[in-house]
Amino acid sequence: MSAPDPVRFLAKNMRVDLALIAGMIAPRSRVLDIGCGDGFLIDHLFQTKGCDARGIEIDMAQVTQAVAHGLPVMQGDADTDLAHYPDDAFDYVVLSRALQAVERPREVLAQMLRIGTRAVVSFPNFGHWQVRWQLLVTGRMPMTPAWDRPWYETPNIHPCTIHDFFSLCEQEGYVIERWLAADDGGRRAPWTRFLMLANIFGEQGVFLLRRR
Amino acid sequence: MDQTAASTELIHTHVTFDDGISLECGTILRRHTVAYRTYGTLNEDHSNAILVCHALTGDQYVAETHPITGKPGWWESIVGPGLPIDTNRFFVICPNVLGGCMGSTGPLSLRENTDGSESAEPWGTDFPPVTVRDMVRAQKRLVEHLGIDRLFAVIGGSMGGMQALQWAAQYPDHVFAALPIAAASYHSAQNIAFHEVGRQAIFADPDWHNGRYWEKHRLPARGLAVARMCAHITYLSEEALTRKFGRRLQHAPKDNSEAINLFGEMFEVESYLRHQGSTFVQRFDANSYLTITRAMDYFDLAADSGGDLAEAFKGTATRFLLVSFTSDWLFPTTQSRAVARALNRAGANVSFVEIPTDKGHDAFLLDEPDFHRTLAGFLRGCAMHAGLPAL
């Protein structure tokens, strides 16, 4: 019958970064979590902050899991499905560790800030020293805990650095209200005030954006 | 008003309303009867009612032995104590649709004279054309009669899913959650085409007698059986047919002159379809089949809202669960996804799941653990949001 859906394996094993994201979201707000997996974040936001939190997830097994837990999640693709939401439908639109895996990151960001007043974006930092070091010394594509799939089968088709993301926000005219760099466990690192250091030592960046 | 009266052969629980119902076609039925079954107990504040809407050839016997066929209820694996639609927790109502033939007003009912009195002969083909919206209006009347202002949920598969969508669009403040399963917001050209084949088979039956078959004490059984056989193929999938029957042969019955027999054999799939056809005619009225297939064909929710489906749901607070099945080619996933997207445009709270299965459209009636899990979880989540007491 129909061909199996494309499966994109995203790094979903590090749930601590969701705590950082949750910390950026105001109570009782309307939230859309793109790539919500089994709905961990939206459940957390509903239970602890009374948010009207909904999710989109591309992997059907995860969607089923989430809905079977009573969470409002629909199967959908960040690249194609955001266009179907009206302007300003949400207070926050969240994209956790998935920006590097979408087909058109710039358009997805634009959609997020069209349908939401604010966007919360997290992504693994390709500027991390381990990545730089491996590429420099071995001349091979880096393999790190955050970048753990070989180049020929990675879903992470648009890697970027924290520095790159700053540039993109400036170019697109997005205001960075808050940002932080964290290690892969999601713990907030002390050197976040300095972009240069964050771009070397931060394993992931978490950004709170709004339109100008 | 409430009564359990004997119809010609069978007793169906029903209620008759004497204040008239005006149909979309302009006709006013002065009196209409809704046959229904209920399961579970309505709670004190009447907030735990779930309306189950049946499909084209279904009826109100959703969770109990069917009084004609003796078979289990059509959703007995879903509706009952401890099941996804848990009758320990919810009060379940399942009405027979307007136009049906299991006790609700339909072509089998005695027609009204112009002065409102009952004539001695049934409506037959003169029964006014009804729409899914008319069916839902009749159901609303029943729900009000049962003392329920807001339904906790409306759920149905196939045509039942059309009704669930219609409910949500028509009575948004009276539906907390809507669950259209294997459904669509309109009946596609392909689906209308299959229905037309079925209708033509009925018309072609020599026992049809222009729809007045009762006068001759005949039933257009051959035509209706062919209609059912044709429709039944659309409810399955190639994979399911291959898995169940393949190209296996079986002995053809000796007295069966209609079989094209080589060496006294026929394909199992032929025998299966004939069985489906012949059992169907024992429980279904041909004029009802025409009426209801037509109602499905007319269904186009967006057309009622100026062509934009999102308009039909604008500002709705109803929570939605859409479910489709991978091998369903009659109401394919693209249709459910289109509804989900329209609901997104309307800002609605929508969950949407596609269940992998090879069982085709019929999967919504069958044992699909992922589907049942999804259903149970969604209802549990909604119950929490609706403030229903936990079990």
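**Close-ups of chain B in a predicted model**

**View 1. A hairpin made by strands 10 and 11 of chain B**. In this predicted model, strand 10 and strand 11 of chain B form a hairpin, with 5 residues sitting between them. Look in the turn for Gly116(B), which has a positive phi of about 95°. The two strands, residues 110-112 and residues 118-122, run antiparallel and are joined by 2 bridges. To get your bearings on the pairing, find Leu110(B): it stands opposite Pro122(B) of strand 11.

**View 2. Domain 1 and domain 2 of chain B**. The domain assignment splits chain B into domain 1, covering 2-187 + 300-386, and domain 2, covering 191-289. Measure by eye if you like, but the computed gap between the C-alpha centres of these two domains of chain B is 27 Å. Where they touch, domain 1 of chain B puts in 22 residues and domain 2 of chain B puts in 20 residues. On the domain 1 side of that contact you'll find 8 nonpolar, 11 polar and 3 charged residues.

**View 3. Ala153(B) and the largest nonpolar core**. This core holds 165 residues, and the ones touching the most other members are Ile50(B), Val52(B), Leu151(B) and Ala153(B). Both domains of chain B chip in, with at least three residues drawn from each. Zoom in on Ala153(B): leaving aside neighbours within four places in sequence, Ala153(B) is in contact with Ile50(B), Phe176(B), Ala177(B), Leu179(B), Leu379(B) and Cys382(B).

**View 4. Helix 4 of chain B and what packs against it**. Helix 4 spans residues 221-235, so to speak a run of 15 residues. From first C-alpha to last, helix 4 reaches 21 Å, close to the 21 Å expected at 1.5 Å a residue. Its buried residues include Gly223(B), Leu224(B), Val226(B), Met229(B), Ala231(B) and Tyr235(B), and Arg228(B) is also among them. What do the buried residues of helix 4 pack against? Their partners in chain B are helix 3 (189-204), helix 6 (268-281) and helix 7 (286-298).

**View 5. Where chain B touches chain A**. Here 26 residues of chain B are in contact with 19 residues of chain A. On the chain B side, at least two residues each come from strand 16 (319-325), helix 9 (333-345), strand 17 (349-355) and helix 10 (369-386). Helix 10 of chain B gives the largest share, 8 residues. Sorted by type, the chain B side has 7 nonpolar, 10 polar and 9 charged residues.

Definitions and conventions: Residues numbered from 1 in each chain as written. Chains lettered and ligands numbered in written order. Predicted model: local features only at pLDDT ≥ 70, side-chain atom pairs only at ≥ 80, totals over all residues. Domains from an automatic or database assignment. Contact = placed C-beta atoms within 7 Å. Nonpolar A, V, L, I, M, F, W, Y, C, P; charged D, E, K, R; others polar. Core = buried A, V, L, I, M, F, W, Y, C linked by C-beta atoms within 7 Å. Buried ≥ 20, exposed ≤ 12 C-beta atoms within 10 Å, placed from the backbone. Helix = DSSP H or I, 4+ residues; strand = E, 2+ residues; numbered from the N terminus. Expected span 1.5 Å × (residues − 1). Pairing = 2+ DSSP bridges.
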